[in-house]
Amino acid sequence: MKALSIDNQTLVVEEIDITMAANTVYTFFSSILIDELAGLKEHVIYTDANALSEKKKPYFIGEQLLLGDALILGRDGFDDVDAKIAKEELHSLINPEVNAFYTEVLDVLADTDINLYKTFTVEKNGEKIALNTEWVLYTFNIADERTKEYFINELKKAVAAKNNVAEYMQKMAQLAMNVAA
């Protein structure tokens, strides 16, 4: 099966041929903790869920924050299929520029057990909306400097107090939704 891989150190995109089996993705990352992201149309991005705690280099594919190496396959319903995106097109979507806000927040989060992509629920106008920590970071990244500073300081306090960081992120997501209402 045609797949694309991204080396997080060099951001080189390689086209590879893999045989999908029950343990293929786990073997690729040498890890049983894998995140599955739907950041590309008709594709799935697999990443190592340990990349944050291992302080792997962050980068973006489009607006999707990734850490560590990535494996990209096509997706048809729930099935992995050949990747359709061209190597050059994928490479053009990669942005290595990760600003100071992201860098500082990721450094703080590295000492926690948070998963950037695990969903939680917030409410807006009585509707339940599934979001994740990566969305919270994106949202606060586009806020003004004073709000960013508040977010970082409160995050540091939550981590220092050994509070549940996932609950903090859910609280911040709800706060962002309340402001947007």
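This passage describes the aromatic pairs and nonpolar cores of a predicted model. Local features were considered at pLDDT of at least 70 and side-chain atom pairs only at pLDDT 80 or more, whereas totals for chains, interfaces and linings use all residues. Residues are numbered from 1 along each chain as its sequence is written, and side-chain values rest on heavy atoms, with hydrogens and water left out.

Across the whole structure, 6 aromatic pairs were found, a pair being rings of Phe, Tyr and Trp (its six-membered ring) with centres within 6.5 Å, called stacked for planes under 30 degrees apart, edge-to-face over 60 and tilted for the rest. Phe28 and Phe29 form an edge-to-face pair, at 4.8 Å centre to centre and 85 degrees between the planes. Phe28 is partly exposed, with 32% relative accessibility, while Phe29 is buried at 9% (buried is under 20% relative accessible area, exposed over 50% and partly exposed in between, with a 1.4 Å probe and protein chains only).

A tilted pair joins Phe151 and Tyr168, at 5.7 Å and 45 degrees; Phe151 lies in helix α5 (residues 145-160) and Tyr168 in helix α6 (residues 165-180), 17 residues apart, where helices are DSSP runs of H or I with at least four residues, numbered from the N terminus. Both residues are buried, and ring pairs link them with Phe60, Phe101, Tyr102 and Phe140 into a cluster.

The largest nonpolar core (buried Ala, Val, Leu, Ile, Met, Phe, Trp, Tyr and Cys residues joined through side-chain atoms within 4.5 Å) has 49 residues, and those with the most contacts inside it include Leu137 and Phe151. Helix α6 gives the most to this core, with 7 residues. Apart from it lies another core of 8 residues, among them Phe29 and Tyr46.

Conventions: Helix = DSSP H or I, 4+ residues; strand = E, 2+ residues; numbered from the N terminus.
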